[in-house]
Amino acid sequence: MSSKQSQKGSRFEYQIRDLLTDKCGVKWDRVPMSGAGAMKGDLYCLTNHYYYCIECKSFKDSVIMENLLSAKSNNLYMWWEQCTREAETMRRQPALIFKKDRGKPLIAVAEELPELNRFSLTSDLGDTYVDVYIYLFTEWLAAKSIEELVLI
């Protein structure tokens, strides 16, 4: 990964970290060593138990919609597989937050919130099974209570 891409990813993680910190009133931070150690995911709550293993992805090309029915060339499938694998290791719920350059952050989670606009994706293409609901991240975050994010 180039330095520019790494910096873009870090900026996105900081943006999501700050939104989570503001919402919860407790400090969130980036996972040390980008999840290469015992902790997995990209973000964690420093002081409280947290319920989601959060993976953040920022991308330039819109390969998600063009290749929606091709698991081999669709980043969403690979990202969800990584997110669910890491969430399982951490015994948390997977939460994939992603955005296209200059786009709004979206979140893919396994839970349906009927009161929010959402996109549902269920697929068993290739080796990856995906059954998620995709929301605008800011709307999803606003709909969640603090107690649904961290143990108070």
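**Buried polar residues, cores and salt bridges in a predicted model**

N48 counts as buried, its relative accessibility being 17%, under the 20% cut-off. That value, like the others in this passage, comes from a predicted model. N48 sits in the loop that links β2 (43–45) to β3 (52–59). Its side chain gets to within 2.7 Å of the backbone oxygen of L151. If residues up to four places away in sequence are left out, N48 touches V26, V150, L151 and I152, so L151 turns up both as a polar partner and in the list of contacts, where 4.5 Å between heavy atoms is the limit.

Stepping back to the whole chain, the secondary structure adds up to four helices and seven strands. Read from the N terminus, the elements go α-β-β-β-α-α-β-β-β-β-α. The chain has 152 residues, and 44% of them count as buried. Of the contacts with a separation of 6 or more, 56% are between residues 24 or more positions apart. The exposed surface of the chain comes to about 8,500 Å², with 51% of it supplied by carbon and sulfur atoms.

What about the nonpolar interior? The largest nonpolar core contains 30 residues, and W28, I54 and W140 have the most contacts inside it. At least two residues of this core come from each of α1 (3–24), β2, β3, α3, β4 (93–100), β5 (106–109), β7 (130–136) and α4. Apart from this core lies another, made up of 13 residues, with L76, W80, C83 and L121 among them. As for W140, its contacts beyond four places in sequence are Y52, I107, V109, E111, L113, L116, Y135 and L149.

F137 is part of helix α4, which covers residues 137–143. With a relative accessible area of 0%, F137 falls under the 20% cut-off and is therefore buried. Not counting residues up to four places away in sequence, F137 touches I16, L19, L20, I97, P105, L106 and I107. One of these partners, L19, is 118 residues from F137 in sequence, yet the two C-alpha atoms are 9.8 Å apart in space. I107 appears again here, as a contact of F137 and also of W140.

Helix α3 takes in residues 75–90, 16 residues in total, which at 1.5 Å a residue should span 22 Å; the C-alpha atoms at its ends are indeed 22 Å apart, so the two values agree. Right after α3 comes R91, with a positive phi near 55°. Which residues of α3 are buried? They are L76, Y77, W79, W80, Q82, C83, E86, A87 and M90. On spacing, an α-helix has 3.6 residues a turn, so residues three or four places apart point the same way.

Q82 is one of the buried residues of α3, and its relative accessible area is 18%, which is under 20% and so makes it buried. What does the side chain of Q82 meet? One polar contact goes to the side chain of E55, at 3.2 Å, and another to the side chain of K57, at 3.0 Å. E55 and K57 are also the residues that Q82 is in contact with once its neighbours within four places in sequence are set aside.

Charged pairs come next. Side chains of opposite charge can pair when their charged atoms come close. Searching the whole structure turns up seven salt bridges. In one of them E111 pairs with K144, with 3.0 Å between the closest N and O atoms. E111 belongs to the loop between β5 and β6 (119–123), whereas K144 belongs to the segment after α4, so this pair ties together parts 33 residues apart in sequence. Are the two partners buried or exposed? E111 is partly exposed, at 24% relative accessibility, while K144 is buried, with a relative accessible area of 4%. E111 is also among the contacts of W140.

K144 has a salt bridge with E148 as well, the closest N and O atoms there being 3.7 Å apart. E148 counts as partly exposed, at 35% relative accessibility. Elsewhere, R118 and E112 meet through their side chains in a salt bridge of 3.1 Å, N to O. Both ends of that pair are partly exposed: R118 has a relative accessible area of 35% and E112 one of 39%. Finally, R17, D18 and D29 are joined into one network by salt bridges that share partners.

Conventions. Residues are numbered from 1 along each chain as its sequence is written. This is a predicted model: local features need pLDDT of at least 70, side-chain atom pairs count only at pLDDT 80 or more; totals for chains, interfaces and linings use all residues. Side-chain values use heavy atoms; hydrogens and water are left out. Buried means under 20% relative accessible area, exposed over 50%, partly exposed in between (1.4 Å probe, protein chains only). A polar contact is a pair of N or O atoms within 3.5 Å; within protein, one must be able to donate a hydrogen and the other to accept it, and residues adjacent in sequence count only if both atoms are side-chain atoms. The expected span of a helix is 1.5 Å times one less than its number of residues. A nonpolar core is a set of buried Ala, Val, Leu, Ile, Met, Phe, Trp, Tyr and Cys residues joined through side-chain atoms within 4.5 Å. Accessible areas come from the Shrake-Rupley method with a 1.4 Å probe; for residues, only the protein chains shown count as cover. A salt bridge is a side-chain nitrogen of Lys or Arg within 4 Å of a carboxyl oxygen of Asp or Glu.
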